[in-house]
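Work through the exercises below with the structure open beside you. Try each task before you read its solution.

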Amino acid sequence: MSNLKGQISIFNIVLDHNQELPTIEPPTVSEPVKTGKRIVGGVNLCPYPIPTVKDIMKMIDSSSYRVNKSKLISDVFECGALAISNLVDFTKYDEREKRYLEIIKTYSSSEQKLIADIFSNIFALCSSVTYDDGVFDDYLGELFMQCNQGNKSAGQYFTPYHVSKLMAKMTFTKTDIEQNEIITINDCCSGGGGLLLAVLDVLKNDYGVNYAYNCYMDAGDVDARCVHMTYLQLSLAGVPAVVKHQDAFTRELWSVWKTPAFIFQYHRFHKYLNLN
């Protein structure tokens, strides 16, 4: 994302091409990376300290005296989704860049840095599931509810992850997996994406499926905040997916979000794209 003078962009990273970078040997199972923090999932093969939802909530709570907590977390989710989308989906770049700047300009420079810091922790936590020791969970759904974002009048309560995982286990059989075809999953009321993450959990850890290659997800929600959460979690998990801001009953469609894994493998998955 480009940035205005004096503003911080989430993906504003510039490398000095003249700088000699140190050679880093990849970690092995016998020599795990020592992060100095609690290791999620046993042996830590992830090359960075994995934050927790509790760590992120501390950052959010520490700022609640100066910014509205509910607005802050919604803007973090949306700015993160906009930033990832604009790295890969250039057909939507101009309108999403404009929206990103509209949001970020409402914050002071210190608050912009806070948004970047919170998102960097979200990025680290959600993308850690791609490592062999990564633990799947509905991390953003948990953050969402802890920030009192749920709409009680609309009956908006996110399914506990252990229930989502049980449902995912009941959905698949060994026969389904052995067909060796692309597995397609649809969730038109995805919330934060917890059910979809539970499916990825079962496919990867119970059946050894390479979901980044053999799985396609079609998701959507009428709540834009949920669309941003689902898009973030599926993008950072590395799954080919399309997330729609859509009314599942009227089929009115407001926006479409394509994950990096979908765009990079467009030739393989485009036939599943349904924008009706």
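Two strands pair if DSSP finds at least two bridges between them. Keep in mind that this is a predicted model.

**Exercise 1. The sheet**

Task: Find the bridge partner of Asp221 in β3, then place β3 in its sheet.

Solution:
- Step 1. The partner of Asp221 in β3 is His245.
- Step 2. Look at the strands themselves. β2 and strand β3 (residues 241-246) run in the parallel sense and share five bridges.
- Step 3. Widen the view. Four strands make an open sheet, ordered β1-β2-β3-β4, with mixed pairing.
- Step 4. Find the edges. β1 (183-187) and β4 (253-258) are the edge strands, and each pairs on one side only.
- Step 5. Check the turn. On average, neighbouring strands of this sheet are turned by 15° against each other, direction ignored.
- Step 6. Add the helix. α10 (residues 224-237) packs on the sheet and touches β2, β3 and β4. The direction of α10 makes about 175° with that of β3.

**Exercise 2. The surroundings of β3**

Task: Decide how many residues of β3 are buried, and say what this tells you about the strand.

Solution:
- Step 1. Recall a rule. Side chains in a regular strand alternate between the two faces of the sheet.
- Step 2. Take one side of β3. Ala241, Val243 and His245 are buried there.
- Step 3. Take the other side. Val242, Lys244 and Gln246 are buried as well, so both faces of β3 are covered.
- Step 4. Conclude. Six of the six residues of β3 are buried, so the strand is largely enclosed by the rest of the structure.

**Exercise 3. Aromatic pairs**

Task: Count the aromatic pairs, then describe the pair of Phe136 and Tyr211 and the pair of Tyr216 and Tyr272.

Solution:
- Step 1. Ring centres must lie within 6.5 Å to pair. By this rule there are seven aromatic pairs.
- Step 2. Phe136 and Tyr211 sit 6.3 Å apart, centre to centre, with 70° between the planes. Over 60 degrees counts as edge-to-face, and this pair is edge-to-face.
- Step 3. Locate both rings. Phe136 is in the loop between α4 (109-127) and α5 (139-146), and Tyr211 is in helix α9 (residues 211-214). The pair therefore ties together parts that are 75 residues apart in sequence. Both Phe136 and Tyr211 are buried.
- Step 4. Tyr216 and Tyr272 are stacked, at 5.6 Å centre to centre and 25° between the planes.
- Step 5. Tyr216 belongs to strand β2 (residues 215-221), and Tyr272 to the segment after α12 (266-269), 56 residues apart.
- Step 6. Compare exposure. Tyr216 is buried because its relative accessibility is 3%, whereas Tyr272, at 26%, is partly exposed.
- Step 7. Ring pairs join Tyr216, Phe262, Tyr266, Phe269 and Tyr272 into a cluster.

**Exercise 4. Charges over rings**

Task: Which ring face does Arg96 lie over, and which does Arg268 lie over?

Solution:
- Step 1. Arg96 lies over the face of Trp257, 3.7 Å from the ring centre.
- Step 2. Arg268 lies over the face of Tyr213, 3.6 Å from the ring centre.

**Exercise 5. Cysteines**

Task: Count the disulfides, and explain why Cys226 has no bond to Cys189.

Solution:
- Step 1. The structure holds zero disulfides.
- Step 2. A disulfide needs sulfur atoms within 2.5 Å. The closest cysteine sulfur to that of Cys226 is in Cys189, 9.6 Å away, so it is too far for a bond.
- Step 3. Cys226 is buried, at 1% relative accessible area.

Terms used: Residues numbered from 1 in each chain as written. Predicted model: local features only at pLDDT ≥ 70, side-chain atom pairs only at ≥ 80, totals over all residues. Heavy atoms only, no water. Phe/Tyr/Trp six-rings, centres within 6.5 Å; stacked < 30°, edge-to-face > 60°. Helix = DSSP H or I, 4+ residues; strand = E, 2+ residues; numbered from the N terminus. Buried < 20%, exposed > 50% of the residue type's maximum accessible area, 1.4 Å probe, protein only. Lys NZ or Arg CZ within 6 Å of the ring centre and 35° of its normal. Axes fitted to C-alpha atoms, helices over the stretch in contact; angles between N-to-C directions. Contact = heavy atoms within 4.5 Å.
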